[in-house]
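Please examine the sequence and the three-dimensional structure shown below. The report is intended to be read alongside them.

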Amino acid sequence: MARRLRLLLLTLVLFAGCASPRPPAGLAMPAPDEAGAASLLAGYLLAQGWTVRLADATRVEATRGEEQLRLEPLLDAAGLDRIVVSRSWPRAPQVSDEDLHAFALELNDTLNVGQFRAEPTRLTCQVSLPFLEALEPRLLDAFLAYTADVRLAVLQVQAGRRLLEPVEGDGDSR
């Protein structure tokens, strides 16, 4: 009887070892291949209507209208992965470098949505999206929509000042 039980257990272990693991749903990021992940993100964004280019092996630049995204996957073979997303908006032509820098500092003090910084021609907000192994496309889409909605908060802090160029859909900021 004990022999049959051992044989049954051995058979079950062998069958369990032969079962193929379920592939992750969504965009399976090939950790630690950040260049491969960048190519995968570029293809996905292109299919979503963005104009895309690989800025370098591990960074994707995507544009749609006046908005720009930069996505950089940071993958860890043994742990938590993330994509660093930077979304930029053009500054108004009359705004000085000092004014835009002061505005970025004001946004960092006022809003708790990411890290704002002034660049030569743009205001950029940088945030990161953590995930494990595979990135669910709906999560990525919702996260990118969230970063676009950050502009609404930025416009509220702007409060009548014309520091950024109007972007389609701004409504009263024009």
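The sections below describe the overall fold, the nonpolar core, two selected residues and the enclosed spaces.

## Overall architecture

The structure is a predicted model. Its secondary structure consists of four helices and eight strands. Followed along the sequence, these elements are arranged in the pattern α-β-α-β-β-β-β-α-β-β-β-α.

The protein has 174 residues, of which 34% are buried. Its exposed area is about 10500 Å², and carbon and sulfur atoms supply 56% of that area. When contacts between residues at least 6 apart in sequence are considered, 52% of them join residues at least 24 apart.

## The nonpolar core

The largest nonpolar core contains 39 residues. Met-29, Phe-116, Leu-123, Leu-135 and Val-154 have the most contacts inside this core. Two or more core residues come from each of three helices and four strands, listed here by type. The helices are H2 (34-47), H3 (97-110) and H4 (137-158). The strands are S3 (59-64), S4 (67-74), S5 (81-90) and S7 (122-131).

Leu-123 offers a view of the surroundings of one such core residue. With neighbours within four places in sequence set aside, Leu-123 is in contact with Arg-87, Ser-88, Trp-89, Leu-100, Phe-103, Ala-104, Leu-107, Phe-116, Arg-117, Val-154 and Leu-164. Phe-116 and Val-154, which appear among these partners, also belong to the group with the most contacts inside the core.

## Ser-88 and Leu-129

Is Ser-88 buried or exposed? Ser-88, a residue of strand S5, has a relative accessible area of 2% and is therefore buried, since buried means under 20%. The side chain of Ser-88 also makes a polar contact with the side chain of Thr-124, at 2.6 Å. In addition, Ser-88 is one of the contacts of Leu-123.

Leu-129 is located in strand S7. Because its relative accessibility is 6%, Leu-129 counts as buried. Apart from residues up to four places away in sequence, Leu-129 touches Asp-81, Arg-82, Ile-83, Leu-135, Leu-139, Leu-140 and Phe-143. One of these, Leu-135, is among the residues with the most contacts inside the largest nonpolar core. Leu-129 and Pro-73 are 56 residues apart in sequence, while their C-alpha atoms are 9.4 Å apart in space.

## The largest pocket

The largest pocket has a volume of about 160 Å³. Which residues line the largest pocket? The lining is formed by Tyr-44, Leu-45, Gln-48, Trp-50, Arg-64, Glu-67, Arg-87, Asp-141, Leu-144, Ala-145 and Ala-148. H2 and H4 are the elements that give two or more residues to this lining. The largest share comes from H4, which provides four residues.

## The cavity

How many cavities of 30 Å³ or more does the structure hold? There is one cavity of that size. The largest cavity holds about 30 Å³ of space. Its lining consists of Val-85, Arg-87, Val-113, Cys-125, Val-127, Tyr-146, Thr-147 and Val-150.

S5, S7 and H4 each contribute at least two residues to the lining of the largest cavity. H4 gives the most, with three residues. Arg-87 lines the largest cavity and is also listed in the lining of the largest pocket. Arg-87 is, moreover, one of the residues in contact with Leu-123.

Conventions: Residues numbered from 1 in each chain as written. Predicted model: local features only at pLDDT ≥ 70, side-chain atom pairs only at ≥ 80, totals over all residues. Heavy atoms only, no water. Core = buried A, V, L, I, M, F, W, Y, C linked by side-chain atoms within 4.5 Å. Buried < 20%, exposed > 50% of the residue type's maximum accessible area, 1.4 Å probe, protein only. Contact = heavy atoms within 4.5 Å. Areas by Shrake-Rupley, 256 points an atom, 1.4 Å probe, with all protein chains shown as cover. Polar contact = N/O pair within 3.5 Å; in protein donor to acceptor, adjacent residues only side chain to side chain. 1 Å grid on protein atoms, 1.4 Å probe; cavity = no way out; pocket = protein on both sides within 12 Å on 5 of 7 lines; lining within 4 Å. Points joined across faces, edges and corners; volume = space filled by probe spheres on them.
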